[in-house]
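Trainee: Got a minute? I'd like to go through this structure with you.
Mentor: Sure. Bring it up and ask away.

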Amino acid sequence: MRSLWAFLRADVRQRISARAVRSQWRAWTTMALAMMLTMGAAHAQLNVEISGVGSSQFPVAVANFQNEGSAPTNLTAIIRADLQRSGRFRNVDVAGATVAETANVDLASWKTRGADAFVAGSVTPAGGGRFEVRFRLYDTVKGTSLGGLAFTVGQDQLRVTAHKIADYIYEKLLGERGVFATRLSYVSRVGNRFQLLISDSDGQNSRVALTSNEPIISPSWSPDGSKVAYVSFEAKKPVVYVHDLATGRRTLVANHKGNNSAPSWSPDGRQLALALSRDGNTQVYVVNADGSGLRRLTRSSAIDTEPQFSPDGRSIYFTSDRGGAPQIYRMPAAGEEAGAAQRVTFKGSYNVSPRLSPDGKQLAYITRGGGFKLQLMDLATGDVTSLTDTSNDEAPSFAANGKYILYATRVGGRSVLAAVSTDGRTRQVLSLQSGEVREPSWGPFMQ
């Protein structure tokens with residue numbers, strides 16, 4: 001289990017007096033380091049395995065786009081795969097039908113085939129290596145058009161265009177935004193080489209943001225999706241950077257004495273909350289995104305770490321052992337001087353890694369009990385649901401629409417990424433054919 005607690009082992013030994021708690025934390029960090037040493041992954045695309053479906057699936061037929069062979073990317077296949085992967089749709093067999101968005105579609109016949117919605121489209125070369133992509137979505141039950149869009153893009157934008165079409169279908173039919181056009185970040189390792197990778201939401205089209213001979217952990221997306229903050233050990237200690245994905249330019253945000261860890265963006269993208277041990281035991285601080293304006297927020301005699309801003313920016317959730325064992329607390333974003341921290345988790349004796357849903361109504365976290373398992377709390381009622389049947393879960397991250405949670409775990413003895421719907425009905429496992437992946441983070445809606 002790879003967690004920020006693994007880098008606080010010295011603090012744990014020095015500052016936690018209860019022998020039982022010290023024993024628990026040593027076990028945690030020992031397992032974390034052992035699992036880290038077993039990591040090994042080649043730079044490759046993630047394979048996706050899907051299990052389970054939603055409570056009901058919307059039957060949709062996506063016809064082959066006309067003239068799709070003129071493009072290097074099969075948009076139809078990507079759209080169908082996106083819809084299936086969500087667990088909310090069932091692809092109706094189109095028997096090889098190719099239909100352009102301009103065609104006079106016999107919607108009644110598609111309804112007879114079992115499709116409640118139908119998608120038609122086309123791909124047309126536009127010169128200069130660009131393509132015009134058009135599509136239209138139909139409601140076969142009402143016999144009406146639900147609209148469509150047109151894109152003129154370069155060939156390197158064809159995959160994201162397919163994801164955007166799938167998002168359009170998802171939103172029109174289900175009434176909520178899709179996340180197919182969002183991105184993932186994760187860390188792979190092969191030998192002594194670590195890579196921070198950025199991929200499409202389906203694990204494909206991965207690009208290397210950073211390669212290092214030292215570990216990279218805790219990637220965190222900026223609210224606009226243009227940057228990723230992370231912790232790098234290239235200086236032989238944990239240091240926090242902000243990485244501009246378009247230019248590759250990095251900004252050193254925190255390189256203080258001791259541990260610099262757990263960066264988390266404020267909702268406006270101007271600040272980062274992070275955990276530092278510069279003044280002794282690890283505490284929560286806030287800093288401007290350019291590294292200026294450092295300010296301490298907690299002043300406890302405990303270990304306070306893993307800070308996360310609430311979506312409204314008013315609160316910060318964090319992990320602390322101030323009650324004797326790790327639990328999740330909430331304090332004002334201005335720090336404990338503005339109001340005392342309040343404990344949030346009460347079910348279970350060991351809860352870490354808080355992550356807030358985009359609407360601020362749910363809290364995902366990791367609990368220890370029969371292993372390490374992903375939990376979901378309704379913050380209004382305090383009700384807690386266990387979402388997984390695995391026992392080595394870590395690093396939860398909500399999708400931008402709040403309907404799915406990405407996390408790292410172990411399946412079949414291998415470290416993989418997994419995603420589960422917040423109702424627990426749909427699950428995906430994302431893995432490399434010859435390697436292991438860690439430290440996932442799901443990016444925001446694209447601007």
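Trainee: Which residues does Asp82 touch, leaving out those up to four places away in sequence?
Mentor: Asp82 touches Ala162, His163, Ala166, Phe180 and Asp202. Keep in mind that this is a predicted model.

Trainee: Is Asp82 buried or exposed?
Mentor: Buried. Its relative accessible area is 1%. The cut-off for buried is under 20%, so Asp82 qualifies.

Trainee: And where does Asp82 sit?
Mentor: In helix 3, which covers residues 75-85.

Trainee: What do people use to describe two packed helices?
Mentor: The angle between their axes and the distance between the axes.

Trainee: OK, what are those values for helix 3 and helix 5?
Mentor: The angle is about 45 degrees, and the axes are 9 Å apart. Helix 5 spans residues 158-174.

Trainee: What do we call that arrangement of helix 3 and helix 5?
Mentor: Oblique. Roughly parallel would need an angle under 35 degrees, and roughly perpendicular runs from 65 to 115.

Trainee: Left-handed or right-handed crossing?
Mentor: Helix 3 passes helix 5 in a right-handed crossing.

Trainee: Which residues of helix 3 meet helix 5?
Mentor: Leu75, Ile78, Ile79, Asp82 and Leu83. On the helix 5 side, the partners include Ala162, His163 and Ala166. By class, this contact has 9 nonpolar, 2 polar and 2 charged residues.

Trainee: Switching topic. How many helices and strands are in the protein chain?
Mentor: There are 5 helices and 30 strands.

Trainee: And what share of the chain's residues count as buried?
Mentor: 55% of the 447 residues.

Conventions:
Residues are numbered from 1 along each chain as its sequence is written. This is a predicted model: local features need pLDDT of at least 70, side-chain atom pairs count only at pLDDT 80 or more; totals for chains, interfaces and linings use all residues. Side-chain values use heavy atoms; hydrogens and water are left out. Helices (H or I, at least four residues) and strands (E, at least two) are DSSP runs, numbered from the N terminus. Buried means under 20% relative accessible area, exposed over 50%, partly exposed in between (1.4 Å probe, protein chains only). Contact means heavy atoms within 4.5 Å. Axes are lines fitted to C-alpha atoms, for helices over the stretch in contact, and angles run from 0 to 180 degrees between N-to-C directions. Angles under 35 degrees count as roughly parallel, over 145 as roughly antiparallel, 65 to 115 as roughly perpendicular and the rest as oblique. A crossing is left-handed if the near helix is turned anticlockwise from the far one by less than a right angle, and right-handed if clockwise. Ala, Val, Leu, Ile, Met, Phe, Trp, Tyr, Cys and Pro count as nonpolar, Asp, Glu, Lys and Arg as charged, and the others, Gly among them, as polar.
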